[in-house]
Amino acid sequence: MRKISNEELHRPSAEEFSKMEKLPVLVVLDNVRSLQNVGAFFRTADAFAVEQIALCGITATPPNRDIHKTALGAELTVKWSYHHKTTECLDELRAAGYRILAVEQVEGAAMLDDFRPEQGVKYALVFGNELFGVSQEAVDGCDGAIEIPQLGTKHSLNVSVSGGVVLWHFFAQLKK
């Protein structure tokens, strides 16, 4: 095996990325406190061509050195917006026709391995605070929830790891 060079990967330029078709998925970060987690979401959103990231509440915004350290410049290519309150963001997304799903352990959540996103539907996926998860107020504003099945004793993943798992699932299902 030979590692593939960056040139051989044929990555799009920032301009080409801005014009390309995006996955019909918008990420909502509900009071995510870690700048590294925010940066990781930007990098993952870039990798899977996510439409946009909505940064809500205490979630930091670019430009920020610590976000940049993890995002590696993806904060410059992925579209983002800031909203003082997550609930106001969710109201706007609902009015714009998004199906809003919390990524959280809640009653009635669909297990990710059983969930099949529908073609033609725009999704907003809400990820929560590292300690408290998606706030109950935000959960109340969602159309449903997705839970990542787990077997370990902690029953929790880092929020940016959860983002990678869920966004990969949507990418794999919707890009078929």
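Which residues do ring pairs link into a cluster with Phe48? In this predicted model, the other members of that cluster are Trp168 and Phe171, and the views below show this group of rings together with the packing of helices α2 and α6.

**View 1. Packing of helix α2 against helix α6.** Helix α2, spanning residues 35-47, and helix α6, spanning residues 159-174, pack with their axes 9 Å apart and at an angle of about 15°. Because angles under 35 degrees count as roughly parallel, α2 is described as roughly parallel to α6. The crossing of the two helices, α2 and α6, is right-handed.

**View 2. Residues that make the contact between α2 and α6.** From α2 the contact is made by Asn37, Ala40, Phe41 and Thr44, while α6 contributes Val159, Ser160, Gly163, Gly164 and Leu167. Sorted by class, this contact of α2 with α6 has five polar and four nonpolar residues, and no charged residues.

**View 3. The aromatic pair Trp168 and Phe171.** Seven aromatic pairs are found in a search of the whole structure, among them that of Trp168 and Phe171, which is tilted, with 40° between the planes and 5.7 Å centre to centre. Both residues, Trp168 and Phe171, lie in helix α6, where they are three residues apart, about one turn of the helix.

**View 4. Accessibility of Trp168 and Phe171 within the ring cluster.** Trp168 counts as partly exposed, since its relative accessibility is 47%, and Phe171, with a relative accessible area of 23%, is partly exposed as well. Ring pairs link these two residues, Trp168 and Phe171, with Phe48 in the cluster.

Conventions. Residues numbered from 1 in each chain as written. Predicted model: local features only at pLDDT ≥ 70, side-chain atom pairs only at ≥ 80, totals over all residues. Heavy atoms only, no water. Axes fitted to C-alpha atoms, helices over the stretch in contact; angles between N-to-C directions. Helix = DSSP H or I, 4+ residues; strand = E, 2+ residues; numbered from the N terminus. Parallel < 35°, antiparallel > 145°, perpendicular 65-115°, else oblique. Left-handed = near helix turned anticlockwise from the far one by under 90°. Contact = heavy atoms within 4.5 Å. Nonpolar A, V, L, I, M, F, W, Y, C, P; charged D, E, K, R; others polar. Phe/Tyr/Trp six-rings, centres within 6.5 Å; stacked < 30°, edge-to-face > 60°. Buried < 20%, exposed > 50% of the residue type's maximum accessible area, 1.4 Å probe, protein only.
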